[in-house]
Amino acid sequence: MARRYDSRTTIFSPEGRLYQVEYAMEAISHAGMAIGILSKDGVVLAAEKKVTSKLLEQTKSHEKLYKLSDHVSVAVAGLTADANTLITNCRQQAQGYQLAYSEPIPVEQLVQRLCDLKQSYTQYGGLRPFGVSFLYAGHDKHFGFQLYHSDPSGNYSGWKATCIGANSANATSLLKQDYTEGLSLKEAKSLAVKVLAKTMDSATLGPDKLEFATLHQGANGAVVYHAYTPAEIEALLEAENVKKIIEDKEKENNS
């Protein structure tokens, strides 16, 4: 039945479904995981890098975490080329608002503008949905630190902690168990590392397979986006005793 209705994004099936949008979401479920955790004093973003070959030269730039403006950053899961187009649009929207009103764009307004674009690609013929989901970490004077998630349909929602990509169901279950209201940025970083270590398919976890960033307020009150270097990621993993977490996971799987 689906084959009769999945050739166009503008055709509803008799059950009221848009199959091309669902296929786009399915593509995201095979991408590297990304996690966002909101704390009382910042937001943590962490993402799994899919290393396709050991011969591939690792770039110094991030492929899963991006800075949109001084007060907003994103983690992506899905088609990187699609993400690059949307990120460029986001940056232009943020700078256009700054130029027009001489203040940073509110976080939710930026998310909504991007989601309007994503939704339009599900409504007109000759287009396909963007095969990428975003986690937005941001701060504004209206609501403080915020975390949002958007999908290819153009829907978005606010979260305290969430994840996208492969093994997101298991990661969400762990977040539900371990997330507590009002946790600190340090505790949020520990939780992100723990969830990644327990849910990633890899037997090891290192800087070559992980990207990490935080959004927090500096000593002068300004919002600071900090993308971790490989050395900082290595130090964080050692401090959280990731090897033991992975060993315990393997024991549970073998028992």
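Analyst: Let's start with a word you'll meet a lot: a residue is buried if its relative accessible area is under 20%, exposed if over 50%, and partly exposed in between, using a 1.4 Å probe and protein chains only. This is a predicted model, where local features need pLDDT of at least 70 and side-chain atom pairs count only at pLDDT 80 or more, while totals for chains, interfaces and linings use all residues. Residues are numbered from 1 along each chain as its sequence is written, and side-chain values use heavy atoms, with hydrogens and water left out.

User: What makes β1 mostly covered?

Analyst: Count its residues: 6 of the 6 in β1 are buried. A34, G36 and L38 point one way from the strand, I35, I37 and S39 point the other way, and all of them are buried. As for the name, strands are DSSP runs of E with at least two residues, helices are runs of H or I with at least four, and both are numbered from the N terminus.

User: How do you know that β1 and β2 pair?

Analyst: Two strands pair if DSSP finds at least two bridges between them. β1 (residues 34–39) and β2 (residues 42–48) have 6 bridges, in the antiparallel sense, so they pass that test. For instance, L38 has V43 of β2 as its bridge partner, and I37 has V44. A hairpin takes the chain from β1 to β2 through 2 residues.

User: Which other strand do bridges join to β1?

Analyst: That's β8, running antiparallel to β1 and joined to it by 4 bridges. There, A34 stands opposite I164.

User: What is the order of the strands in the open sheet?

Analyst: The sheet has 5 strands with antiparallel pairing, in the order β8-β1-β2-β9-β10. At the edges stand β8 (161–164) and β10 (223–227), which have a single partner strand each, so one side of each lacks a neighbour in the sheet. From one strand to the next, the twist averages 10 degrees. Angles here run from 0 to 180 degrees between N-to-C directions, with axes fitted to C-alpha atoms, for helices over the stretch in contact.

User: How do you know that helix α4 packs on the sheet?

Analyst: Look for contact, which means heavy atoms within 4.5 Å. α4 (residues 168–178) touches β1 and β8, and its direction makes about 170 degrees with that of β8.

User: What makes β9 largely enclosed by the rest of the structure?

Analyst: In β9 (residues 210–217), 6 of the 8 residues are buried, so the strand is largely enclosed. β9 pairs with β2 over 7 bridges in the antiparallel sense, where A46 has F212 as its partner. β9 also pairs with β10, antiparallel again, over 5 bridges, and there A213 partners A227. The hairpin of β9 and β10 has 5 residues between the strands, and G221 takes a positive phi near 90 degrees in it.

User: Why is the chain called as compact as a globular protein of that length?

Analyst: The radius of gyration is taken over C-alpha atoms, and the globule rule is 2.2 Å times the number of residues to the power 0.38. For 255 residues the rule gives 18 Å; this chain comes to 19 Å, close to that value, so the description fits. The chain has 7 helices and 10 strands, and 47% of its residues count as buried.

User: How many disulfides does the structure hold?

Analyst: It holds 0. To count as a disulfide, two cysteine sulfur atoms must be within 2.5 Å. The sulfur of C90 has its closest cysteine sulfur in C115, 8.6 Å away, which is too far for a bond.

User: Why is C90 called buried?

Analyst: C90 has a relative accessible area of 1%, so the label applies. C115 earns it too, at 1% relative accessibility.

User: What makes G131 buried?

Analyst: The relative accessible area of G131 is 4%, so this residue is on the buried side of the cut-off. G131 is in the loop between α3 (107–120) and β5 (132–140). Leaving out residues up to four places away in sequence, G131 touches A24, I28, A77, G78, L79 and D82. Its C-alpha atom is 5.6 Å from that of L79, though the two are 52 residues apart along the chain. A24 and I28 are among the buried residues of helix α1 (residues 19–28), and the cover over the buried residues of α1 includes β4 (72–78) and β5.
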